[in-house]
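Trainee: Could we go through this model together? I would like to understand the reasoning behind each label.

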Amino acid sequence: MSASRFLRLVTTLAMSSSSSSSSSWSCTKCTFLNSPSQKLNCMICLTPVSTPSPLSASSNDEPKWACKGCTFLNTYKNSACDICGTRSPSSSSLLGFEDLTDSGGLESNNNSNNPNCSVGSVFFPLRRCSKRKAMDDDVIEVDGGSVKKTDGIESKGEASGSGTAFSCVKILTYNVWFREDLELSNRMRAIGHLIQLHSPHLICFQEVIPEIYEIFRKSNWWKEYTCSVSVDAAQSRGYFCMLLSKVGMKSSSCKSFRNSIMGRELSIAEVEVPGRKPLVLATSHLESPCPGPPKWDQMYSRERVEQANEAIEILRANPNVIFGGDMNWDDKLDGKFPLPDKWVDVWEVLKPGDPGFTYDTKANPMLSGNRALQKRLDRFFCRLDDYKLGGIEMVGKEAIPGLSYVKEKRVRGDVKKLELPVLPSDHFGLLLTLLPK
């Protein structure tokens, strides 16, 4: 389901709630306002129905619009969501308008128990993943977990037996940010320029939507890569992870996490590096913290930790494996990432003492005006028997030349307009280099 169709669905339900607010009910987990006919569980996250929340039982009959980002019901006098700052469907056509409250500093690094200091209080990446059940058809068993396997991949890369042995292998991981109303085409082209500049052999992408997939697929650089997600599969899904390989991709698979209400999954590919031992490449976008009404406690730390353990259990038997992606990991909230023996957190090994913030409202000027947040959300984990770590760097830290957008920020009751630069994503990417032993 596209974002526009999903928004129309949510808005329709919200409009109908003004005449039957006592019948509609708000999900206690994701805050989606369900219609009276949805009696058993939430249409979005499938949480069983509970007693109606104060949101749906409000005595205020003023018409409201449902936020595209977090589904909170706002009055029409608000041009942006009171909860997450997403602009209303009827607001100005200027890109990126948000109505955000001031922040007194980088509180998230000092008080991990305060939900308002979390990743989720800055951006709300909840989207409905359509046709998830169809994705789970035709599963096979791989190391104790059920996965959907892709057979017969037409590899565009070099086979393991061809050419000269590689002197290094470069792997890129990037959360490309599925926000469609903020220079999507230009941002994706900028990511393409980074790919052409650094020429990674392997790529891990997160938050890909069909529109992003099409932009990438029509780019010149795409012709050099084999993708783990087919065109048909990409068009049938809401948002997803995918793997790209410039070397031979022998097989790929996708496993949905057992406990995810956000459609999160583990994508795996076996790649053949010319003149070197095969590698297993994996990526994921672990459950996002999304605090919202009525309890503001939806941090999903337990789910995230379970998903990390599930992923590592599937991957741990491989002698050469790289697991990179948007882990949404918070060491204070989630604890240390559950790595077994012989596994390492690459950034900690190669950049000791460097915080490595890949989501950084201070360093990323596109996020100026957002509630302050600095987190190392994106990470590489490795077990390498036949390779060694060569280096790691952040990419995508430069603004796109000649491009800007306007954001509204509320400061002490006044609304100010900020003209801000545009970067490829709200995250920075990570580029890892491996060397043979």
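Mentor: Happily. Let's begin with helix 3: its buried residues pack against strand 7, strand 8, helix 4, strand 19 (387-395) and strand 22 (429-436). Keep in mind that this is a predicted model.

Trainee: Which residues of helix 3 are buried?

Mentor: They are Leu184, Arg187, Met188, Ala190, Ile191, Gly192, Leu194, Ile195 and His198. Just after the helix comes serine 199, with a positive phi of about 50°.

Trainee: How do you know what span to expect for helix 3?

Mentor: The expected span is 1.5 Å times one less than the number of residues. Helix 3 has 15 residues, and the expected value is 21 Å. From first C-alpha to last, the helix reaches 21 Å, close to that expectation.

Trainee: What makes helix 4 (residues 210-217) largely enclosed by the rest of the structure?

Mentor: Six of its eight residues are buried, so the label follows. Those residues are Pro210, Ile212, Tyr213, Glu214, Ile215 and Phe216. They pack against helix 3, strand 8 (202-208), strand 9 (226-227), helix 5 and strand 10. Tyr213 and Phe216 also belong to one aromatic cluster with Phe205, Trp221, Trp222, Tyr225 and Phe240.

Trainee: How many aromatic pairs are there?

Mentor: The count comes to 10 aromatic pairs.

Trainee: Why is the pair of phenylalanine 178 and tyrosine 239 called edge-to-face?

Mentor: Ring centres must lie within 6.5 Å, and planes over 60 degrees apart count as edge-to-face. Here the centres are 5.4 Å apart and the planes stand at 90°, so the pair is edge-to-face. Phenylalanine 178 lies in the loop between strand 7 (169-175) and helix 3 (184-198), and tyrosine 239 in the loop between helix 5 (231-235) and strand 10 (240-245), so the pair ties together parts 61 residues apart in sequence.

Trainee: Why do those two rings count as buried or exposed?

Mentor: Buried means under 20% relative accessible area. Phenylalanine 178 has 8%, so it is buried. Tyrosine 239 has 5%, so it counts as buried too.

Trainee: And what makes the pair of phenylalanine 323 and phenylalanine 381 tilted?

Mentor: Planes under 30 degrees apart would be stacked and over 60 edge-to-face, with the rest tilted. This pair has 45° between its planes and 6.3 Å centre to centre, which fits tilted. Phenylalanine 323 is in strand 14 (residues 320-326) and phenylalanine 381 in strand 18 (residues 378-384), so the pair links parts 58 residues apart in sequence.

Trainee: How do you know that lysine 351 lies over the face of tryptophan 347?

Mentor: One test is a distance within 6 Å of the ring centre. Lysine 351 is at 5.8 Å from that centre and lies over the face.

Methods: Residues numbered from 1 in each chain as written. Predicted model: local features only at pLDDT ≥ 70, side-chain atom pairs only at ≥ 80, totals over all residues. Heavy atoms only, no water. Phe/Tyr/Trp six-rings, centres within 6.5 Å; stacked < 30°, edge-to-face > 60°. Helix = DSSP H or I, 4+ residues; strand = E, 2+ residues; numbered from the N terminus. Buried < 20%, exposed > 50% of the residue type's maximum accessible area, 1.4 Å probe, protein only. Lys NZ or Arg CZ within 6 Å of the ring centre and 35° of its normal. Contact = heavy atoms within 4.5 Å.
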